[in-house]
Amino acid sequence: APPEVEEPAAEEAAPAPAEGVAASGRRISVRLYFEAPDREGLLPEEREVAFSGDLARQLRTVVEELAKGSTTGLVPTLPAGTRVLEVFVQARGVAWVDLSSEAASGLPGGSKAELLTVYSVVNTIVTNFPAVSRVRLVVNDQAVTSLGAHVDLSRPLPPDMTLVAQPTPEPPPAGSSPSPAG
């Protein structure tokens with residue numbers, strides 16, 4: 001009676017993947033966007049995170065890593081103490097990310113800080129997960145129009161890669177000429 005054996009095994013396995021995958025230690029590499037310390041904009045930082053077969057759980061893990069801050073000296077974009085309360089993904093590729101009130105109350109003033117905070121989350125999610133095309137941020141389970149009156153959060157946002165800082169050009173090697181060799 002193989003069908004009878006398979007069904008209970010499948011039912012038992014259904015809740016297990018998240019625990020089993022975490023226990024297996026499988027990790028994926030993601031690109032987190034933080035504020036550049038030396039120029040305007042966001043810079044990516046590669047980080048290994050625990051893999052989850054559940055997209056919403058995976059997104060939550062990634063945003064939690066973003067909230068922890070950079071490990072390479074980049075400037076944090078989420079205010080200290082910000083927690084991820086909930087993440088879910090709609091069928092049309094919209095991820096909803098519910099952040100704790102610190103995301104708004106701890107925000108430094110100004111439109112630039114707010115832009116970088118919002119798009120560090122949006123760009124991090126959308127560039128790492130092709131199934132997500134837009135991100136809607138909410139605070140403490142409440143829809144908000146903005147975190148600090150500068151960025152419209154009343155709708156899901158696509159990524160804005162124009163906010164990614166350009167890499168600093170490498171200086172030419174000593175003794176070389178900037179003109180092309182003839």
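In the predicted model, helix 3 (residues 55-68) lies across strand 3 and strand 4 (94-99). The direction of helix 3 makes an angle of about 140° with strand 3. Helix 5 (residues 111-128) likewise packs on the sheet, where it touches strand 4 and strand 5. Between the directions of helix 5 and strand 5 the angle is about 135°.

The sheet on which these helices pack is open and consists of four strands in the order 3-4-5-6, with mixed pairing. Its edges are occupied by strand 3 (84-89) and strand 6 (142-143); each has a single partner strand, so one side of each is left without a neighbour in the sheet. In general, the strands of a sheet pair through backbone hydrogen bonds, in either a parallel or an antiparallel arrangement.

Strand 5 (residues 134-139) takes part in both kinds of pairing, being parallel to strand 4 and antiparallel to strand 6. Six bridges connect strand 4 with strand 5, and two bridges join strand 5 to strand 6. Val 138 of strand 5 stands opposite Asp 98, and Val 138 also stands opposite Ala 143 in strand 6.

Strand 5 and strand 6 form a hairpin, with two residues lying between the strands. Within the turn, Asn 140 adopts a positive phi of about 50°. As for its surroundings, strand 5 is largely enclosed by the rest of the structure, because five of its six residues are buried, that is, under 20% relative accessible area.

Technical notes. Residues are numbered from 1 along each chain as its sequence is written. This is a predicted model: local features need pLDDT of at least 70, side-chain atom pairs count only at pLDDT 80 or more; totals for chains, interfaces and linings use all residues. Side-chain values use heavy atoms; hydrogens and water are left out. Two strands pair if DSSP finds at least two bridges between them. Contact means heavy atoms within 4.5 Å. Axes are lines fitted to C-alpha atoms, for helices over the stretch in contact, and angles run from 0 to 180 degrees between N-to-C directions. Buried means under 20% relative accessible area, exposed over 50%, partly exposed in between (1.4 Å probe, protein chains only).
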